[in-house]
Amino acid sequence: MTVTLDVTTPNELSLEALWMPFTANRAFKKAPRLLVEAKGMYYTSADGRQILDSTAGLWCVNAGHCREPIVAAIQRAAATLDYAPAFSMGHPTSFELASRLADMLPGDLDHVFFANSGSEAVDTALKIALAYHISRGQPGRARFIGRVRGYHGVGFGGISVGGIENNRKAFAAQLLPLVDHLPATHDLARNAFSRGQPTAGKELADSLETLVQKHGADTIAAVIVEPVAGSAGVLVPPVGYLERLRELCTKHGILLIFDEVITGFGRLGASFGTEYFGVQPDLMTVAKGITNGAVPMGAVFVRRGIYESVLSAVEAGIEFFHGYTYSGHPLAAAAGLATLDVYREEGLFARAAELAPYWEAAVHSLRGSPNVIDVRNLGLVGAVELASRDAKVGARGADVMAECFANENLLIRVTGDIIAMSPPLIVEREQIDQIVERLGRALRRVS
Ligand code: PLP
């Protein structure tokens, strides 16, 4: 299939060669949705429409699109130091970014390992957990505990600890062997239409105690959860749940990993989920908002004691046999520093907190729209769950997304029949109203 691009170029564009990720390729290529420019809260589509971005791209453009200071920093970096080897060599920007990030983090969570994506950050964190236990003479602690409906990217580590069946089943023959899962926290029967954290379900964390009894604490390296599960459809943790998980991990010497690829960098109205919930993990993964989505980057934040233990277990030489050609890449590091400046100078995390009640009221106004069986929210994240059509999970959600894009100039994200929204933190109240009005109209048109 070819399409004519009438904004950037009159040339025909062939869609054939590209195998698109997490996309129904055949359906997309019959009805393509192409974005050619972005600014602030809007994308420009190939047919010249202004599309209101209710998803910050893919949960990453927290400061809004094409922000000048970030663009300028990337341009400067590209012209000054395009690349520096990441192994046994350094460049100042990556050290500076690591220090700035460490200053933002609570307690002794003050060492940073750079990767290039959330998936890489997750695999790195899992390896650090194993290396830590080995460094303390406990190599038997090798098991990971994830959670049903968790999403931790697409590496073999990430899909093993992740709990989204579609992402695992084709690769089941080669998943990590020592993995178990906590139950999902989402419970529509008890918690539908919760505003903020649902009240029921704290006891679901006690399943960790059951897994400890089953496998033995001395076989478990780490528990990994998203503080708020994002990709599976915005599953907000019940009140007290994360606190309980922390308690049990501490009791049993199990590392707690928070995957904050989505909840990091202001999404909940605090710098990170750890700050929002007041629960400190031992390791934390981030990506996306770290560079405002402008250059790929991921990172793992590590407690000092873990870093020191791994280093001191080795007499000399390389202490941790892991890293990426592009760990701390100069363009990503420059984008990261400029992004942190924008977040701070514009007070965007506090802005998200201030807007959160308005956002909550707006998304919950969709209760009562056709097929809506739940609405939920936290910070500047919201989800509207639709009843699935008989035996066709995801069909209604896909139609709503297509309808929003084609006829409402609105970008939303869908997981199955759950619509997820997470606008850039620069969103205005008026734009929140528009998001909800446009989605509401689309819901009324899609049967
Ligand atoms: N972890 C979480 C919680 C995520 O939401 C994502 C992506 O959405 C990832 C990991 C994977 O990130 P990436 O797509 O950058 O590999």
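**β5 and β15**

I started with strand β5, residues 50-53, and checked how it meets β15. Two bridges join them, and the two strands run parallel. I looked for a facing pair and found L52 opposite L410 in β15. Note to self: this is a predicted model, so I am reading computed geometry throughout.

**The rest of that sheet**

Next I asked in what order the strands of this open sheet lie. I read off four strands as β3-β4-β5-β15, with mixed pairing. At the edges I have β3 (35-39) and β15 (410-411), each pairing on one side only.

I then went through the neighbours. β3 is joined to β4 (residues 42-45) by four bridges, and these two run antiparallel. L35 stands opposite S45 in β4. Between β3 and β4 I found a hairpin with two residues in between, and G40 in the turn has a positive phi of about 60 degrees.

β4 also pairs with β5 in the antiparallel sense, over three bridges. Here T44 has Q50 in β5 as its bridge partner. These two strands make a hairpin as well, with four residues between them. I checked the turn and noted G48, whose positive phi is about 85 degrees. Reminder for the margin: strands of a sheet pair through backbone hydrogen bonds, either parallel or antiparallel.

**Strand β7**

I moved on to β7, residues 143-147. Is it buried or exposed? The strand is mostly covered, and five of its five residues are buried. I also looked at which way the side chains go: R143, I145 and R147 point one way, while F144 and G146 point the other way. Both arginines, R143 and R147, are on the list of buried residues, so I wrote them down.

β7 has parallel partners in β8 and β9. With β8 (residues 179-182) I count four bridges, and with β9 (residues 220-225) three bridges. I145 takes part in both pairings: its bridge partner in β8 is D180, and in β9 it is V223.

**Two domains**

I pulled up the domain assignment next. Domain 1 comes in two pieces, 33-63 and 347-445, and domain 2 covers 70-345. Their C-alpha centres lie 26 Å apart.

How many residues of each domain are in contact with the other? I got 31 from domain 1 and 29 from domain 2. On the domain 1 side, α2 (56-59), α14 (348-364), β13 (372-378), β14 (381-386) and β17 (418-421) each supply at least two residues. α14 gives the most to that side, with seven residues. I sorted the domain 1 side by type and found 18 nonpolar, eight polar and five charged residues.

**Around the ligand**

Last stop was the ligand. There are 14 residues around the ligand, and I asked which come nearest. My list reads S117, G118, S119, G153 and V261. Helix α5, residues 118-135, contributes the largest share of the shell, three residues. By type, I sorted the shell into five nonpolar, seven polar and two charged residues.

**Recap for the page**

I have one open sheet in the order β3-β4-β5-β15, a buried strand β7 with parallel partners β8 and β9, two domains in contact, and a ligand shell to which helix α5 gives three residues.

Terms used: Residues are numbered from 1 along each chain as its sequence is written. This is a predicted model: local features need pLDDT of at least 70, side-chain atom pairs count only at pLDDT 80 or more; totals for chains, interfaces and linings use all residues. A residue is near a molecule or strand if its C-beta atom, placed from the backbone, lies within 6 Å of it. Ala, Val, Leu, Ile, Met, Phe, Trp, Tyr, Cys and Pro count as nonpolar, Asp, Glu, Lys and Arg as charged, and the others, Gly among them, as polar. Domain bounds come from an automatic or database domain assignment. Two residues are in contact if their C-beta atoms, placed from the backbone, lie within 7 Å. Two strands pair if DSSP finds at least two bridges between them. A residue is buried if 20 or more other C-beta atoms lie within 10 Å of its own, exposed if 12 or fewer, and partly exposed in between; C-beta atoms are placed from the backbone.
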